[in-house]
Protein chains: 6
Amino acid sequence: MTAFSRPSGRAPDQLREIGIERGHTVHAEGSVLVSFGSTRVLCTASVENRVPAFLRGKGEGWVTAEYGMLPRATHTRSDREAARGKQGGRTLEIQRLIGRSLRACVDRKLLGERTITLDCDVLQADGGTRTAAITGAYVALMDAVRWLSARREITRDPVFGAVAAVSVGIWRGVPVLDLDYAEDSDCDTDMNVVMNDGGGFIELQGTAEGHAFRRDELDALTALAETGIATLIAKQREALAQ
Amino acid sequence: MTAFSRPSGRAPDQLREIGIERGHTVHAEGSVLVSFGSTRVLCTASVENRVPAFLRGKGEGWVTAEYGMLPRATHTRSDREAARGKQGGRTLEIQRLIGRSLRACVDRKLLGERTITLDCDVLQADGGTRTAAITGAYVALMDAVRWLSARREITRDPVFGAVAAVSVGIWRGVPVLDLDYAEDSDCDTDMNVVMNDGGGFIELQGTAEGHAFRRDELDALTALAETGIATLIAKQREALAQ
Amino acid sequence: MTAFSRPSGRAPDQLREIGIERGHTVHAEGSVLVSFGSTRVLCTASVENRVPAFLRGKGEGWVTAEYGMLPRATHTRSDREAARGKQGGRTLEIQRLIGRSLRACVDRKLLGERTITLDCDVLQADGGTRTAAITGAYVALMDAVRWLSARREITRDPVFGAVAAVSVGIWRGVPVLDLDYAEDSDCDTDMNVVMNDGGGFIELQGTAEGHAFRRDELDALTALAETGIATLIAKQREALAQ
Amino acid sequence: MTAFSRPSGRAPDQLREIGIERGHTVHAEGSVLVSFGSTRVLCTASVENRVPAFLRGKGEGWVTAEYGMLPRATHTRSDREAARGKQGGRTLEIQRLIGRSLRACVDRKLLGERTITLDCDVLQADGGTRTAAITGAYVALMDAVRWLSARREITRDPVFGAVAAVSVGIWRGVPVLDLDYAEDSDCDTDMNVVMNDGGGFIELQGTAEGHAFRRDELDALTALAETGIATLIAKQREALAQ
Amino acid sequence: MTAFSRPSGRAPDQLREIGIERGHTVHAEGSVLVSFGSTRVLCTASVENRVPAFLRGKGEGWVTAEYGMLPRATHTRSDREAARGKQGGRTLEIQRLIGRSLRACVDRKLLGERTITLDCDVLQADGGTRTAAITGAYVALMDAVRWLSARREITRDPVFGAVAAVSVGIWRGVPVLDLDYAEDSDCDTDMNVVMNDGGGFIELQGTAEGHAFRRDELDALTALAETGIATLIAKQREALAQ
Amino acid sequence: MTAFSRPSGRAPDQLREIGIERGHTVHAEGSVLVSFGSTRVLCTASVENRVPAFLRGKGEGWVTAEYGMLPRATHTRSDREAARGKQGGRTLEIQRLIGRSLRACVDRKLLGERTITLDCDVLQADGGTRTAAITGAYVALMDAVRWLSARREITRDPVFGAVAAVSVGIWRGVPVLDLDYAEDSDCDTDMNVVMNDGGGFIELQGTAEGHAFRRDELDALTALAETGIATLIAKQREALAQ
């Protein structure tokens, strides 16, 4: 009998090597280079003293995200969205997901009338760019909030809890954690899970690529995600403690 | 003690009144007006003898979807996307979801080199437009496939199983089925579930609006969705039998 | 000698079956499904308490229109304008025509600083969509004005007279009223006529498709249009009286 | 009693000074500077050996038009359409009208598989730019056809008859010919008429600005247009004879 | 030995015939038709009593430029930028250059909170359109400033010095002044030079097309440009003195 | 007397610290992170076996560039061009410059019918991003060419010579080399110079920001640029030798 073997040689419940490097660039209030194996995403947090029109005068802040991929972050070059003149559906979908996920841990009244924009730009892609982006953006957001605190612009911490994300999927019949590109492009079911440090689900997006998944598979996948996210949140804490 | 009461007076596990009217317009190969209560979506299926560039010469077909909402389908008028010059992120996200969901029940080799486009246009919105669209588009797709069979353009049925969708959510602490607008705009967790007639999950998209949801809530929601989708698939069969 | 026969079997001066169904959708202040035979257009009137920039502070209101066609309203599917990223020339031309025609029966001072937008969306096309749209939009406009009166937001009726429209053309040498698609795509001259209930012309747009038309033909066509519009205005009154 | 007096002092049935200058620029196959008083439009005809996709392989040619206005052709500067990123509805409407009008005098089979594009760019505007454009574009088209004949690319003349256009309107109660800007911005009814040299109507577009016009007014306006167009066609012939 | 001969027969240091015609159109505050041989550019200056957002409330004015080329200004027809939906890179580059060049001779404090827009539209192109545009736009700018003075809207002249531009290049090994299209499309080095009447350089843009140029070539080219610009500035003065 | 002192403390003719790191990302055929002090640009070279339409069938290749800046590469966040729906004039101008500069050292016949696209994305900006981009893109181009050679897709080296770029300017009256942001935003004259390893000029773009520059200043600036570029070319060689 042949043993099951992931392309990377990882155990089914093993994350890739995780890197969270704060202060990667100098201008942004928060700037984090996050890596999930070969996937590398630069997440910056920018603070601006204004809010979108629909929030003006309400005494609340806003947290939003934009996502991009450098044209040659991938195996073959893809068109530059700025040159094509619009962001594609996948891009919009991902940046909406990142924004919702981060807003889930922010008390926008405490933030006050300011906007924090999380720019997540993929420098190198190897699967899981959106989950890496959420995980890194949380740390960049924390740095931006600390920057506001240090300048005494806010007095109470508007961030409650922590947020991280990971992908899980069924690859060759086995539930696996943190899919890389080789697995992602060849799996039956693919699920992105965003959770907080209290073990609650913030977003759950599962797609059957090959065959519809059953409830026991759903249970196995969410259980895998839970363990992965616990590790990611520990890594975030570690990075923020430095 | 006050009894729990949904705005519509429905029981927690009760769908709205479901309507599936085939042949609603005359030109399309499939044309279905689907209603989930006050939500009304016109789903047409159009057959074309060409495939997108990435499939040319591969002997496979394509199934895709486009989604739109009439400007005054909603309580207040929203901008016409054609006039604004682009489809918004929500629209793109929904039409990608509809397309993926329907492709999950089609053998594209058996379809041959043709494209079936499912246009889902919301005439009146009261929550759950995307789940109504998927449920109706499946019936329109079936009619288009029957049209192809009747003309002997295909000899084997490319559609396997059935696909339907419903929303579930936690409203005032109680898991409820098939949210209408009043519930949707005021719920803690919102989940769209797409399943097939074998009880498998095709898409699962859950979002914590107010508080992160726990695993037991996830279980309760998916169980509710299962019962709702079983009913919807029965309604589809009934409509297709007429 | 073979008798002249229109594809539909109608007499040259015979309109198609006309339907004007008020209250077709629930959210809009006016909502009318108008049908000229198989042509079906949903006309909604939306009231908003603001005016375009060029009218601000002038104490006048605005009436405008937008026109769209569902991708599969026609025999073969046409591209969705929202997906193409712009409205085509034909669309812009038609919505400008609808807007001008309706403004011709509105005293914008009496309307006050509000905008009424008439969205005319073609659900099914069989020729004459713009004339059906104008005829139906008038009724939707009236309903919106009644809604304003009922809420005592206006005290004097800003609409004077009635407006309706019909197409006329020379098909196989004979002037005919209310062209359907079969006639429209095969006629020598095509004219859209908008008139009021006083018998005055509001818009007249004639195009020679095959041969240039002579003055006697122009006279015959405008005479036909007059009789058709008289009937349409009677139908509008009937619908508004219910 | 005060005599009626047009702002320009012209008689009601008097055209402005008409100029048709051929060969105004050097590169185009036809290049005409047409002036109706202070309105000046540069009309160029460009011949290309290809046709739009919908005509490929049919052995027919195409005639089309594009219209533009320099930003400061008018009293106050208007935005440059290229900078705004799209052509407005008025522009599209006018260029569609010019194209239809010119195609009405061309046998596209005799033209062969080539496209003649008529670019009509308004250098200075004082009312009547679209009618000047049509009148000038006809002469540019003729020059392009002569250029094709001279090179023996065509052997039979694909242009039959002549086409010219003029505006008419009711200004202060009086039907007047060839409205300038002062009249156009202050008239009750405005009509653009395109006719051929056989006295047939090619396009008729009348709009009631202030009050709906009656049939006798329509008759007076078309009669005025006829005399004006007869003069314009004589001017075209004169220019082409030089 | 064959004598060196430019396509036009000009001496290496000879400008083409220069024309500067003021008052070419009637509406603009400044309107100049400039010609460098067969290159003809209409430059209009429009005064508006507002400034871009980044200057509001600063007591300063703005000078900016837009550049366009009629579709058939060139040997073969190029697409209309308004129809393509965007200005190309070359267009943006040129209009930015024109704007910077003209701002170099304006004291924006003295101009006050108004904007002067220089529209430079190429009616006919034969090389050197950007240098002709700068040279003509300066004269249009002066006319607009005189218009402001005449209306006593400004009391001190905000324009200091004069600005003109010319192209130089190395054609068949010889430095030549004011390249026409035949030279421009076949030269080794092409340089656009903008200078003021004090002999200072405002912009210098040199591009090696065929071989990299040496410092002695750079010296020869700038020397040629100096003589050409001296002549152009004299022509500007002459035109402004009329 | 106060000594002259640059914000960075550098000598007038001193470059910032230059870094050229090859193999920065894994997918591209060439991938270089170039740094000029705090300015950091990721330059990737992508090889594709196709050429733009205007080169098809000519047996020649193409070299082109795209430039982008991450939204928070700068002091304050700038809009994402993909979200705004178009590339700005500055972006287009820079990417055209990079493309021209690199094409100046490539024999496109020897490259064969393939395209090399140089994507230059600014991760962190501190002045001189375009000159850093050109300098880094040359090294990425060389790596892509070596990759082609290693796969024996080309047999003769299509790159001749080397290309590098630097900015020079007059800051507080003194000509200085390699301006950082503090100098760039406060200098009188700013010049970008692209040269090859033979000491020839490929591009020279000088702009007078404050006062027009004289010929002796031009000489001083180009001399400074020469020394800077000699050093940069040495750095490129060193990097390529590793």
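These are notes on how the chains of this predicted model touch one another, with a look at one annotated domain.

1. Ground rules. Residues are numbered from 1 along each chain as its sequence is written, and chains are lettered from A and ligands numbered from 1 in the order in which they are written. As the model is predicted, local features need pLDDT of at least 70 and side-chain atom pairs count only at pLDDT 80 or more, while totals for chains, interfaces and linings use all residues; side-chain values use heavy atoms, leaving out hydrogens and water.

2. The A/F interface. Chain A and chain F each put 37 residues into their contact (contact means heavy atoms within 4.5 Å). About 2800 Å² is buried between the two chains, with carbon and sulfur atoms giving 48% of that area. Buried area here is the accessible area (1.4 Å probe) that two parts lose on being put together, summed over both.

3. Charges and polar pairs across A/F. There are 12 salt bridges between chain A and chain F (a side-chain nitrogen of Lys or Arg within 4 Å of a carboxyl oxygen of Asp or Glu). One of them to look up is A:Asp119 with F:Arg77, where the closest N and O atoms are 2.6 Å apart. Polar contact joins 22 residue pairs, both residues at pLDDT 80 or more. A polar contact is a pair of N or O atoms within 3.5 Å; within protein, one must be able to donate a hydrogen and the other to accept it, and residues adjacent in sequence count only if both atoms are side-chain atoms.

4. What chain A offers to F. Strand 3 (39-48), strand 4 (62-69), helix 1 (81-84) and strand 5 (115-124) of chain A each supply at least two residues to this side. Strand 3 gives the most, with 7 residues. Helices (H or I, at least four residues) and strands (E, at least two) are DSSP runs, numbered from the N terminus. By type, the side of chain A that touches chain F splits into 14 nonpolar, 12 polar and 11 charged residues. Ala, Val, Leu, Ile, Met, Phe, Trp, Tyr, Cys and Pro count as nonpolar, Asp, Glu, Lys and Arg as charged, and the others, Gly among them, as polar.

5. The A/B interface. Here 27 residues of chain B meet 27 of chain A, and about 2500 Å² is buried, 47% of it from carbon and sulfur atoms. B:Glu93, B:Phe201 and B:Arg215 stand out: they supply 25% of the area that chain B buries against chain A, more than any other three residues.

6. Polar links across A/B. The rule finds 4 salt bridges and 16 residue pairs in polar contact, both at pLDDT 80 or more. A:Arg215 and B:Glu226 meet in a salt bridge at 3.0 Å, N to O. On the chain B side, helix 2 (89-103), strand 9 (201-208) and helix 6 (215-241) are the elements that give two or more residues. Strand 9 gives the most, with 8 residues, and the whole side divides into 9 nonpolar, 9 polar and 9 charged.

7. Strand 9 against strand 9. Strand 9 of chain A (residues 201-208) and strand 9 of chain B run antiparallel, joined by 5 bridges (two strands pair if DSSP finds at least two bridges between them). The bridge partner of A:Gln205 is B:Gln205.

8. Chains that don't touch. No contact joins chain A and chain D, and their closest C-alpha atoms lie 11 Å apart. Chain C and chain F also lack any contact, with closest C-alpha atoms 11 Å apart.

9. The annotation. An unreviewed UniProt entry places "domain: Exoribonuclease phosphorolytic" on residues 14-144 and 162-226 of chain A; such annotations may be inferred rather than shown by experiment. Residues 14-144 are 30% helix and 31% strand, with end C-alpha atoms 31 Å apart. Residues 162-226 are 25% helix and 45% strand, and there the end C-alpha atoms are 14 Å apart.
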